[in-house]
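Reader: I am new to reading protein models. Could you walk me through one?
Author: Gladly. Ask about one feature at a time.

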Amino acid sequence: MSDPEILAELERACFPDDFWTLGSICGTLERNDILYRIEYREDGSPYGYCIGAAAFGEAELYRIGVLPEFRRRGIGKRILTGFIKACPSDTKKIFLEVKETNKSAIALYQSSGFKPVSKRTGYYGGGKNALIMELETVQ
C-alpha cells in the first residue's frame, strides 16, 4: 500500500465525519513544501500520522491523527514532536488550527509550547470556531 493510501485509511478511521479523501491527500503530497509522517507499530501496522507544510521560515500543521484505540498513550505527542523536528532549520513559527471545543488536542498543543493567537469564527462545519495556535521555535 502506498503512503497516500495509508494516510487516507488513517484519515477515515481518525476523522470519520471530516476526513480528507485520497485525491486530496495525493494532491497535497505532490507539493514541494509538504512534510508528513506515518507512525507504525512494532508489527508494521500504521496507527498515527501528520501532514503539514513548511516554507519561507514558517510551517503549518494541517492534520494529525491517532487511531482511536491508541489515543492517550503519548503517540500524538511523539508525532507532533517529530513534525516540529522535521521542519527546516529556518522555521521560526509553526501554526495550526484546532476546533475550539477539542480540549484534548488543545492540551496536547499547549504541552508542546503552542499558544492561542487568534480565532476563526464558524470555520468548521456546524458553525464551530477554529482556534489558531502558534509555536515560536527556538533558533
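**Reading the model, feature by feature**

Author: Let us start with one residue, K128. Beyond its neighbours within four places in sequence, K128 is in contact with K99, T101, G122 and Y123. Keep in mind that this is a predicted model.

Reader: Where is K128 found?
Author: K128 is in strand β6, which covers residues 128–136.

Reader: Is K128 buried, exposed or partly exposed?
Author: Compare its relative accessible area with two cut-offs. Under 20% is buried, over 50% is exposed, and in between is partly exposed. K128 has 38%, so it is partly exposed.

Reader: How far is K128 from S111 in space?
Author: Sequence and space are separate rulers. K128 and S111 are 17 residues apart in sequence. Their C-alpha atoms are 23 Å apart.

Reader: Which pair should I set beside that one?
Author: Take G48 and L67. They are 19 residues apart along the chain, and their C-alpha atoms are separated by 6.2 Å.

Reader: Where is the place of G48?
Author: G48 is in strand β2, residues 46–55. Its relative accessible area is 0%, so G48 is buried.

Reader: Which residues is G48 in contact with?
Author: Set aside the neighbours within four places in sequence. Then G48 is in contact with L10, R37, I38, E39, G65, V66 and I79.

Reader: Please give me a case from a helix.
Author: Try Q110. This residue is found in helix α4, residues 103–111. Its relative accessible area is 43%, so Q110 is partly exposed. Outside its neighbours within four places in sequence, Q110 is in contact with P116 and M133. Q110 and L135 are 25 residues apart along the chain, with 9.0 Å between their C-alpha atoms.

Reader: Now the whole chain. How many helices and strands does the protein have?
Author: There are four helices and six strands. Along the sequence, they follow the pattern α-α-β-β-β-α-β-α-β-β.

Reader: Why is the protein said to be as compact as a globular protein of that length?
Author: Compare two values. The radius of gyration is 15 Å. The globule rule gives 14 Å for 139 residues. These are close, so the protein is as compact as a globular protein of that length. The C-alpha atoms fill a box of roughly 40 × 35 × 30 Å along the principal axes.

Reader: What share of the residues is buried?
Author: Buried residues make up 40% of the 139. The accessible surface comes to about 7,900 Å². Carbon and sulfur atoms account for 50% of that surface.

Reader: What can contacts tell me about the chain as a whole?
Author: Look at contacts with a separation of 6 or more. Of these, 51% are between residues 24 or more positions apart.

Reader: And the charges?
Author: The protein has 19 positive and 19 negative charges. The mean positions of the two sets are 7 Å apart.

Reader: Next, cysteines. What is a disulfide?
Author: A disulfide is a covalent bond between the sulfur atoms of two cysteines. To count one here, the two sulfur atoms must be within 2.5 Å. By this rule, the protein has zero disulfides.

Reader: Why is C26 not bonded to C50?
Author: The closest cysteine sulfur to that of C26 is in C50, 17 Å away, so the gap is too far for a bond. C87 is in no disulfide either; its nearest cysteine sulfur, that of C50, is 8.9 Å away.

Reader: Are C26 and C87 buried or exposed?
Author: C26 has a relative accessible area of 28%, so it is partly exposed. C87 is at 10%, so it counts as buried.

Reader: Last topic: backbone angles. What sign of phi should I expect?
Author: Most residues other than glycine have a negative phi. Look out for exceptions.

Reader: What is the phi of F56?
Author: F56 has a positive phi of about 55°, although it is not a glycine. F56 is found in the loop between β2 and β3. With 87% relative accessibility, F56 counts as exposed.

Reader: And R72?
Author: R72 also has a positive phi, near 65°, and it is a residue other than glycine. R72 is in the loop between β3 and α3. Its relative accessibility is 77%, so R72 counts as exposed.

Definitions and conventions:
Residues are numbered from 1 along each chain as its sequence is written. This is a predicted model: local features need pLDDT of at least 70, side-chain atom pairs count only at pLDDT 80 or more; totals for chains, interfaces and linings use all residues. Side-chain values use heavy atoms; hydrogens and water are left out. Buried means under 20% relative accessible area, exposed over 50%, partly exposed in between (1.4 Å probe, protein chains only). Helices (H or I, at least four residues) and strands (E, at least two) are DSSP runs, numbered from the N terminus. The radius of gyration is taken over C-alpha atoms; the globule rule is 2.2 Å times the number of residues to the power 0.38. Contact means heavy atoms within 4.5 Å. Accessible areas come from the Shrake-Rupley method with a 1.4 Å probe; for residues, only the protein chains shown count as cover. Lys and Arg count as positive and Asp and Glu as negative; His and the chain ends are not counted. The place of a charge is taken as NZ of Lys, CZ of Arg, CG of Asp or CD of Glu.
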